[in-house]
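Please read this report alongside the sequence and the 3D structure shown below. The headings follow topics that can be checked directly against the coordinates.

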Amino acid sequence: MLSLKFQIFKLLSHTRKTMPFIFLYHPLCTMTDSTQLTESPELPSWVKFSDTQNPSNRDSDDDFVIPSLAGWVDNHKFHDHSKLVKQMLSENSETEVDKISKILKNWYPSPDNAAEALNGSGFIASYSLVEQLLKRFSNDWVPAFGVFTWAKMQTRYRHSPELYDSMVDILGKAEQFHTVWELVEEMNELGGYITLVTMSKVMRRLAKAGKYKEAIEAFRKIEMFGVSKDTASMNVLMDALVKEGSVEDAHDVFLTFKKVIPLSAHTFNVLIHGWCKARKLDHAKKAMEDMEKDGFQPDVFSYTCFIGAYCREKDFRKVDKILEEMKDKGCRPSEVTYTIVMHALGKAKRFNEALEVYEKMKRNGCVPDASIYSSLIFILGKSGRLKDARDVFEDMTKQGVSRNALTYNTLISCYCVHLQEEAAMKLLQQMEEDSCKPNLKTYGPLLKMCCQKKRMKVLYFLLDHMFRNDISPEVGTYSLLVHGLCKNGKLEHACLFFEEMVLKGMVPKDCTYKMLTEGLEGKSMTKAKEHIEKLMSRSQNNEAKEHIY
């Protein structure tokens with residue numbers, strides 16, 4: 001049998017040139033200067049050490065940086081992640097966005113307080129300034145809405161419909177739905193501001209929060225805001241419900257409106273996808289039968305839904321059966337179809353079969369794109385063949401396929417799983433050089449690895465790197481940090497991130513709270529435990545008030 005490495009290069013050698021797979025990422029520009037790096041933030045008294053023990057010595061790994069990365073880390077313009085910023089950046093090297101961000105990084109009890117802090121700053125609002133600030137604080141609704149309010153008060157400035165849509169989405173993400181509806185009413189009064197894009201954001205965020213009935217009600221009154229209650233808007237609602245795990249509600253919408261709103265192939269595909277995702281394949285087959293009765297032919301998306309369902313069950317015989325059925329009906333599998341099968345075989349550790357799918361794909365005239373290469377990298381990384389995974393990564397550009405964030409994220413994740421710290425960090429550095437902008441999924445594995453290896457200096461560097469790339473931590477990021485730091489004995493820092501999460505208006509998961517408090521109790525950190533309990537109580541009370549409202 002050929003070695004896996006030889007098989008890979010045999011397969012790649014036949015790959016034709018193709019146009020790069022397109023993703024919506026913007027070039028990254030990293031500003032560097034000689035500003036000295038601030039170390040991990042100073043810990044407040046309530047969290048510093050055990051009530052009954054002396055503070056332990058700092059872990060030797062805390063400030064360690066691999067020598068080959070030291071220059072990059074130390075030269076990065078770094079903000080102390082806590083409120084106590086020890087080393088401020090020089091005025092002549094900061095952009096307006098950086099200067100305003102510095103003001104906004106002080107936590108404010110309300111958006112009005114944040115807006116008031118900006119009122120006397122002397123800055124003048126512009127579309128591009130507000131747009132970038134909203135992007136940078138997209139997971140932190142108080143400063144984001146503070147910026148939005150501050151800009152709106154300026155006499156020569158008016159928000160565009162797109163910025164209103166962005167603000168609606170940020171508020172919806174934070175589950176501030178009473179403010180969402182106030183903003184929608186305001187947009188309605190302005191005339192012509194509300195579109196299907198606006199209402200899509202409202203319905204999707206309601207569904208994401210588990211407010212399925214409210215999402216359906218938003219659709220019912222959509223015409224009040226000048227948006228048509230038609231096939232497109234109904235499909236958006238059904239898709240939102242399906243993606244958030246409520247295919248039953250999506251089906252009820254389908255039954256309620258099918259006689260008054262024309263259906264489309266996409267309507268049925270949404271239901272097929274939902275039933276397959278819920279592993280109710282009999283319902284999915286019935287939806288496909290109804291699709292044909294209504295005069296629509298199942299397409300590659302329809303069949304791929306079933307393939308994805310069988311892949312999740314690791315029933316590859318039925319996957320092959322679906323592929324044969326597609327062939328008989330003249331429905332050619334897409335890159336997405338093949339990627340799903342390859343990925344599933346890789347997860348099942350059936351590596352050679354996954355590579356055979358790649359060969360089959362090429363024989364069927366399907367040209368590999370970035371997602372296919374990412375699956376190859378995943379498969380090789382899963383098998384522990386990191387050198388082969390890196391070779392595939394390097395070969396992409398030779399085959400005319402541009403690397404994107406998905407490609408980088410996949411290989412970074414592979415390195416992080418195997419705790420290959422230097423290789424993972426250098427890939428992040430290479431993303432900058434390739435003008436490929438990282439996203440939230442880029443940083444997750446890196447932050448987790450830093451927690452495991454207790455690299456606190458590098459962890460705070462990564463958080464600042466995120467912020468510089470207009471990526472703000474969300475609940476999942478904070479949960480990862482608290483869990484990772486608790487597991488690795490960094491309870492003090494875990495407390496800081498828990499506090500920051502609550503102060504930003506996020507509600508910690510019960511398991512996160514339980515892990516932290518049990519850890520603090522085990523270390524006799526009574527003062528810190530009491531502080532965390534108060535924070536959790538405050539967070540739950542705020543959540544309860546929001547639901548009552």
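## Charges over rings

The charged end of K105 is placed over the ring of F467, at 4.6 Å from the centre of that ring. A second arrangement of this kind involves K221, whose charged end sits over the ring of W181 at 4.3 Å from the ring centre. Both contacts, like everything that follows, are read from a predicted model.

## Aromatic pairs

How many aromatic pairs does a search of the whole structure find? The search returns eleven of them, and one is formed by Y164 and Y193, which meet edge-to-face with 5.4 Å from centre to centre and 85° between the planes. Because Y164 belongs to helix α7 (residues 161-173) while Y193 lies in the loop between α8 (177-190) and α9 (196-208), this pair ties together parts that are 29 residues apart in sequence. Both Y164 and Y193 are buried, and ring pairs link these two tyrosines with F145 and F148 into a cluster.

Why does the pair of Y460 and F497 count as stacked? The ring centres of Y460 and F497 are 5.8 Å apart and the planes stand at 20°, which is under the 30 degrees that the stacked class requires, so the pair is stacked. Since Y460 is part of helix α24 (residues 456-468) and F497 is part of helix α26 (residues 491-503), the contact ties together parts that are 37 residues apart in sequence. Y460 has a relative accessibility of 2% and therefore counts as buried, the cut-off being under 20%; F497, with a relative accessible area of 1%, is buried as well.

## The cavity

When the whole structure is searched for cavities of 30 Å³ or more, one is found, and the volume of the largest cavity is about 50 Å³. Which residues line the largest cavity? Its lining consists of L104, N106, W107, Y108, D140, V142, P143, L503 and K504. Sorted by class, this lining comprises six nonpolar residues, one polar residue and two charged residues.

## Annotated repeats

An unreviewed UniProt entry lists "repeat: PPR" for residues 195-229, 264-298, 299-333, 334-368, 369-403, 404-438, 439-473 and 474-508. In the model, the span of residues 299-333 is 74% helix and 0% strand, and its end C-alpha atoms are 9 Å apart. For residues 404-438 the chain is likewise 74% helix and 0% strand, with the end C-alpha atoms lying 9 Å apart.

## Two buried helix positions

M326 is found in helix α16 (residues 316-328). With a relative accessible area of 0%, M326 is buried, because any value under 20% falls in that class. The C-alpha atoms of M326 and T304 are separated by 9.7 Å, although the two residues are 22 residues apart along the chain.

L237 occupies a place in helix α11 (residues 231-243). Is L237 buried or exposed? L237 has a relative accessible area of 0% and is therefore buried. From C-alpha to C-alpha, L237 and A218 are 9.2 Å apart in space, while in sequence they are 19 residues apart.

Methods. Residues are numbered from 1 along each chain as its sequence is written. This is a predicted model: local features need pLDDT of at least 70, side-chain atom pairs count only at pLDDT 80 or more; totals for chains, interfaces and linings use all residues. Side-chain values use heavy atoms; hydrogens and water are left out. On a 1 Å grid over the protein atoms alone, a cavity is a set of points where a 1.4 Å probe fits but cannot get out, and a pocket is an open set with protein on both sides within 12 Å along at least five of seven lines; lining residues have an atom within 4 Å of a point. Grid points are joined across faces, edges and corners, and a volume is the space filled by probe spheres set on the points. Ala, Val, Leu, Ile, Met, Phe, Trp, Tyr, Cys and Pro count as nonpolar, Asp, Glu, Lys and Arg as charged, and the others, Gly among them, as polar. Rings of Phe, Tyr and Trp (its six-membered ring) pair if their centres lie within 6.5 Å; planes under 30 degrees apart count as stacked, over 60 as edge-to-face and the rest as tilted. Helices (H or I, at least four residues) and strands (E, at least two) are DSSP runs, numbered from the N terminus. Buried means under 20% relative accessible area, exposed over 50%, partly exposed in between (1.4 Å probe, protein chains only). A charge sits over a ring if NZ of Lys or CZ of Arg is within 6 Å of the ring centre and within 35 degrees of the ring normal. UniProt positions are given in the numbering used here, feature names are shortened, and annotations may be inferred rather than shown by experiment.
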